[in-house]
Amino acid sequence: MDILRRIWRSPSGRIGLIATLLVVIGGLAAPLLATHMPNQIDVAARLSPPSATHWLGTDQLGRDLFSRGLYGTRVAVGVALAVTAIALVIGILLGVAAAYAPAPIERIILAVFDIISAYPTLILALALVAVLGPGLQNIIILVTIVFVPRFGRIARAQTLTIKEQPFLEAERALGASGGRIMLFHVLPNIVGPIVVLASMNIPVVITLEAGLSFLGVGIRPPLASWGSMLFDGFTYIGQSVWPVLVAGGMLTLATLGFTLFGEALRDAIDPKLRREP
Amino acid sequence: MNGFWSKGSLARYGASRLATAVLVLVGSIALLCSLTLIVPGDPARILLGARATPELVETFRQQMGLNLPLYERVFVFFKHALQGDLGTDVISGRSVTDMVLAALPNTILLAVSAIGLAVLLGIPIGCYAAVRPGSLLDQVLAVFSVSLVATPSYVVAILLLYFFSVRLGWFPVLGAGEPGHVLDQLHHLILPTIALAVGWIGYIARLVRSSLLEVLSEPYIRTARAYGQPERRVVMKYALKLACIPTVAILGVGIGELMGGAVFVEVIFNRPGLGSLVFDAIRVRNYPVVQGCILIIVAIFVLANLLVDFAYAWLDPRVREALGRTRSGGGV
């Protein structure tokens with residue numbers, strides 16, 4: 001509660017919280033809020049501007065942009081949460097393991113992190129798409145691979161800083177097993193900064209997923225995703241700009257909201273983490 | 001100063017960084033190759049389609065080197081790459097080296113002009129905000145910067161294309177301009193550069209603001225002020241140089257991410273370049289081209305990071321000092 005109050009106090013945190021809530025509620029309540037089925041085709045009304053029946057206009061097949069955009073929220077936020085959660089778990093496990101493992105294993109884990117990080121984010125994602133192929137499930141897998149090292153590195157660094165502290169030494173002296181120490185003592189102490197990093201990661205994942213879908217190698221149609229809506233809109237941009245405005249607008253609202261919210265969360269939880277903007 | 005540039009420390013530092021860079025390069029290609037092994041489905045068959053004859057598939061497998069074991073594939077690839085041969089495009093039969101060399105200048109031009117624009121606009125914006133922290137201008141600039149960061153480059157690119165090319169007709173819609181025609185090429189470069197730079201303008205502005213604020217509270221700045229130096233001179237001469245160090249540090253990552261962003265911008269503006277080349281190859285799973293492009297992109301990324309590390313060491317007196325000490329063998 002205190003954290004929420006602190007977030008609310010800063011203007012940017014307030015904007016972030018409201019935008020994030022709008023996006024999350026819009027996604028959750030999509031079936032209730034949507035005025036049309038997301039894939040309902042109405043060729044007679046194709047590429048129409050906003051009207052009483054189609055609040056934000058229609059796309060090239062006459063599908064309602066407002067409804068599709070709402071359903072697109074589910075894909076974007078769902079993928080972002082899934083990826084962040086899985087990458088978080090794998091990253092923490094590998095990071096803590098690396099900090100405790102014998103030097104050769106630690107070096108192997110770090111080398112893998114280095115190799116993955118040697119790729120620019122989008123290029124790695126594209127390379128993995130080339131191998132795995134597109135589709136919802138593969139997008140989640142490959143974007144997770146992209147982000148594991150970020151969490152792994154910070155988990156390792158955090159573990160190293162607390163590894164030699166007296167309370168862990170005491171725990172060891174009392175005969176606690178390595179697994180017990182890692183799970184019950186190391187983990188709770190390193191999780192704070194990592195969760196902050198995870199929340200700041202969400203807009204990055206949203207942008208990446210939408211980007212891949214925009215390039216046609218992400219989420220496959222007819223599933224409504226902002227990226228593929230953007231691509232369709234781009235194809236027909238000479239006839240109507242509304243599809244691009246709707247998809248791009250919702251996408252930007254979500255990334256802006258999550259960015260501001262993540263930063264406010266960071267400042268509220270631990271201002272010391274504020275190393276870069 | 002002379003400690004850092006003298007042979008010992010620089011050589012040792014450089015050698016260890018170079019070794020890591022080479023390992024990472026080999027590793028990144030090995031990763032790519034091993035992925036093709038793990039994943040079900042024959043890349044040659046996927047490329048050729050279901051109706052291809054087994055003989056044809058076999059020929060393609062051999063051309064793409066898919067029959068060799070992993071370590072041999074990586075070894076052969078690098079052996080040829082060191083001789084300047086990145087392989088052959090299995091579809092058109094062209095040399096991948098030629099394709100990459102033809103595309104590379106366009107992308108480098110785009111990336112460099114985008115970084116240039118981002119630095120030219122980002123640093124002054126950050127300075128203005130930092131000099132008057134908490135003022136209305138600072139708050140407006142903060143919202144402006146974060147909006148720039150949050151808007152994906154491809155959204156910016158499409159909107160720029162729509163308003164300035166389709167609606168207003170001020171800029172050309174497609175391509176990189178006629179070869180050899182400098183003004184025409186510049187004309188084609190403006191919108192893609194802006195689209196690619198937008199996020200980085202915001203990012204650099206925020207970075208410069210926060211590090212300048214930090215530096216301005218340092219004792220040596222107070223000393224400079226106490227000596228009666230005009231504020232402008234304190235900021236420009238003493239504070240800004242140190243405040244720019246984090247900006248230099250992120251430029252390494254920046255170049256890499258720009259190579260990624262270039263994919264979007266090149267695809268949207270239909271510019272020839274490394275980004276659109278690798279994208280087209282990935283879409284049809286043309287592995288030799290993908291491999292060649294990825295090697296070059298990762299190499300540029302690794303090289304950029306290497307250069308930035310050296311620049312960082314040179315700019316920051318503390319790092320310079322530390323490296324100088326290791327050389328002389330003294331140290332605390």
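Two residues are taken to be in contact when their C-beta atoms, placed from the backbone, lie within 7 Å. In the predicted model described here, B:Ala205 is by this criterion in contact with B:Gly122, B:Ile125, B:Gly126, B:Leu141 and B:Ser145, once its neighbours within four places in sequence are left aside. B:Ala205 is located in helix 9 of chain B, and 30 other C-beta atoms lie within 10 Å of the C-beta atom of B:Ala205; because 20 or more such atoms suffice for burial, B:Ala205 is classed as buried. Between B:Ala205 and B:Pro124 the C-alpha to C-alpha distance is 7.5 Å, although 81 residues separate the two in sequence.

Chain B as a whole contains 15 helices and zero strands, and 41% of its 332 residues count as buried. Of the contacts in chain B with a separation of 6 or more, 70% are accounted for by residues 24 or more positions apart. An unreviewed UniProt entry places the feature "domain: ABC transmembrane type-1" at residues 104-308 of chain B, a span that is 83% helix and 0% strand and whose end C-alpha atoms lie 21 Å apart. Under the feature "transmembrane region", UniProt (unreviewed entry) lists several stretches of chain B, among them residues 140-165 and 185-205. Residues 140-165 of chain B are 92% helix and 0% strand, with end C-alpha atoms 29 Å apart, while for residues 185-205 of chain B the helix content is 100%, the strand content 0% and the end-to-end C-alpha distance 28 Å.

Helix 9 of chain B, which comprises residues 182-216, also packs against helix 11 of chain B, comprising residues 231-243, where the two axes come within 8 Å and cross at roughly 125°. Helix 9 and helix 11 of chain B are therefore oblique to each other, and the crossing of these helices of chain B is right-handed. On the side of helix 9 of chain B the contact is made by B:Val208, B:Ser211, B:Leu212, B:Val215 and B:Leu216, and on the side of helix 11 of chain B by B:Ala239, B:Leu240, B:Leu242 and B:Ala243.

The largest nonpolar core holds 171 residues, of which A:Ala125, A:Ala127, B:Ala157, B:Val278 and B:Cys293 touch the most other members. Helix 9 of chain B supplies the largest share of this core, namely 17 residues. When residues up to four places away in sequence are not counted, A:Ala127 touches A:Tyr119 as well as B:Leu32, B:Val290 and B:Ile294.

How values were computed. Residues are numbered from 1 along each chain as its sequence is written. Chains are lettered from A and ligands numbered from 1 in the order in which they are written. This is a predicted model: local features need pLDDT of at least 70, side-chain atom pairs count only at pLDDT 80 or more; totals for chains, interfaces and linings use all residues. UniProt positions are given in the numbering used here, feature names are shortened, and annotations may be inferred rather than shown by experiment. Helices (H or I, at least four residues) and strands (E, at least two) are DSSP runs, numbered from the N terminus. A nonpolar core is a set of buried Ala, Val, Leu, Ile, Met, Phe, Trp, Tyr and Cys residues joined through C-beta atoms within 7 Å. A residue is buried if 20 or more other C-beta atoms lie within 10 Å of its own, exposed if 12 or fewer, and partly exposed in between; C-beta atoms are placed from the backbone. Axes are lines fitted to C-alpha atoms, for helices over the stretch in contact, and angles run from 0 to 180 degrees between N-to-C directions. Angles under 35 degrees count as roughly parallel, over 145 as roughly antiparallel, 65 to 115 as roughly perpendicular and the rest as oblique. A crossing is left-handed if the near helix is turned anticlockwise from the far one by less than a right angle, and right-handed if clockwise.
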